[in-house]
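Here are my notes on the model, as numbered points. Please read them with the structure open.

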Amino acid sequence: MSPGDASKESSRPPVPRSGLFDIPEWNIKGNSAPPLKRQGLLSPNAAKKAEKNLLKRQKRKQKLQEMLSKQGDSKSKDQATSAPDEGGNDRRKRPRPAQLQSAATRADSGSGESDPVTSGKGNLSVLQQKMHQKLQGAKFRWINEQLYTTSSQNAFEMMQSDPQIFTEYHLGFSSQVSKWPINPVDVFIADLRDNYIRPNKKKARQDRQQRVVVADMGCGEAKLAKVMEGENQKGTGKQVLVYSFDLVKANECITPCDIAHVPLEDGSVDIVIFCLSLMGTNWLEFIREARRILKPRQVGELKVAEVVSRFTDIDAFLRQMDHEGFQLTKKDDSNKMFILMEWKKSKRQAKMQADSDVANAAGLLKACIYKRR
Ligand SMILES: C[S@@+](CC[C@H](N)C(=O)[O-])C[C@H]1O[C@@H](n2cnc3c(N)ncnc32)[C@H](O)[C@@H]1O
């Protein structure tokens with residue numbers, strides 16, 4: 001403060017002498033000498049003592065700096081000898097930023113062991129990888145829950161407005177599938193291959209010119225269609241033609257739509273498959289759509305695979321299917337996780353197909369919620 005400022009200062013309200021304003025100026029970082037001595041406010045003895053203390057502190061600081069620089073030297077030497085580059089060049093002269101960083105981390109932690117935070121693969125540290133995985137898992141669980149707890153129309157709008165949601169969902173879904181003892185879609189693949197594409201020889205001769213039309217409703221990434229394409233090339237029996245439907249056109253095989261309304265003619269399909277895809281709260285509308293596109297009477301077949309724990313009342317579910325015009329032909333509940341069922345399209349369905357049934361049926365299938373790990 002210049003002398004001229006003092007008069008200005010006196011006209012200001014007094015600075016409070018407590019709290020933050022109490023911190024003396026010399027306590028601020030960078031102000032090394034205590035101003036009291038400079039102002040002659042200390043006794044000669046106290047001033048001597050303060051000077052001694054200051055010298056002691058400065059010596060300690062210098063020693064510490066010397067030790068640190070010695071430590072840094074030996075570490076960069078270690079690294080250069082243990083990691084020569086491919087051309088055999090000595091990297092001692094110019095350590096790379098990564099070396100510097102890991103040296104710094106080790107100096108901080110005070111140990112020579114590899115750092116658990118930065119020893120991950122690629123550009124992400126282990127911690128970052130873990131956080132990324134957690135985030136992916138959370139996104140998958142959220143999308144999954146939306147698909148089970150909303151109408152198919154909402155689900156379609158959600159996926160169409162941001163197709164990335166489909167990608168995120170299937171990243172998480174395939175990670176789940178990799179942990180399952182069986183994948184139900186593989187059961188359907190084996191079934192189509194063994195019964196139609198590569199049947200026994202006698203049957204094959206009769207079938208060669210024919211084809212089976214399949215609608216894969218909620219096909220995911222269309223594994224069924226892709227595998228069948230390859231199988232058809234090697235087959236001796238019927239050709240299996242698969243129409244794949246899902247909310248997003250994730251690849252060339254897929255027709256994007258809501259499976260409550262698929263772009264197929266009435267009575268044009270031999271087999272309809274729902275593999276873990278009765279997801280919307282209006283799933284009964286999917287079943288009605290399946291009946292519409294299936295070939296008439298005893299020819300058309302419906303196949304469903306679902307998670308066992310989704311059924312609140314399996315008998316009520318089967319009664320509803322019967323009501324919708326499907327005659328149960330097979331029920332395989334030998335697997336603890338999944339149930340597989342097949343129906344023939346009945347000659348008749350119940351006269352009344354009430355809209356209210358759709359809402360009531362919603363409660364027959366619970367959402368399949370994946371646990372947080
Ligand atoms: C659990 S995944 C199963 C995918 C495939 N069926 C499989 O087993 O690998 C369910 C699929 O059904 C689709 N899906 C759910 N509701 C749908 C709807 N209303 N219309 C079309 N696809 C639907 C989802 O987008 C998802 O790809």
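1. Where the ligand lies. The model is predicted. Domain 1 (130-171) gives residues to the shell around the ligand, and domain 2 (182-364) does too, so the ligand lies between the two domains.

2. The shell in detail. The ligand has 19 residues around it. Those that come nearest are Ser152, Gly218, Gly220, Cys275 and Ser277. Two elements give two or more residues to this shell: α6 (152-161) and β2 (239-246). Sorted by class, the shell holds 11 nonpolar, 5 polar and 3 charged residues.

3. The sheet. Seen across the strands, the order is β3-β2-β1-β4-β5-β7-β6. This is an open sheet of 7 strands, and the pairing is mixed. Which strands stand at the edges? They are β3 (254-256) and β6 (326-332). Each has a single partner strand, so one side of each is left without a neighbour in the sheet. On average, neighbouring strands are turned by 20 degrees against each other, with direction ignored.

4. One strand pair. β1 (residues 211-217) runs next to β4 (residues 271-275) in the sheet order. The two pair in the parallel sense, over 4 bridges. Within this pair, Val214 stands opposite Ile271 of β4.

5. A helix on the sheet. Helix α8 (residues 184-197) packs on the sheet. The strands that α8 touches are β1, β2, β4, β5 (301-307) and β7 (338-345). The direction of α8 makes about 160 degrees with that of β4.

6. Asn183. Look at the loop between α7 (164-177) and α8, where Asn183 has its place. Is this residue buried, exposed or partly exposed? Asn183 has 17 C-beta neighbours inside 10 Å, and a residue needs 20 or more to be buried and 12 or fewer to be exposed, so Asn183 counts as partly exposed. Its partner for a distance check is Cys275, 92 residues apart from Asn183 along the chain. The C-alpha atoms of the two are separated by 9.7 Å. Cys275 is also one of the residues that come nearest to the ligand.

7. The chain as a whole. The secondary structure comes to 13 helices and 7 strands. The chain has 373 residues, of which 23% count as buried. Among contacts with a separation of 6 or more, 69% are between residues 24 or more positions apart.

How values were computed:
Residues numbered from 1 in each chain as written. Predicted model: local features only at pLDDT ≥ 70, side-chain atom pairs only at ≥ 80, totals over all residues. Near = placed C-beta within 6 Å. Nonpolar A, V, L, I, M, F, W, Y, C, P; charged D, E, K, R; others polar. Domains from an automatic or database assignment. Pairing = 2+ DSSP bridges. Axes fitted to C-alpha atoms, helices over the stretch in contact; angles between N-to-C directions. Contact = placed C-beta atoms within 7 Å.
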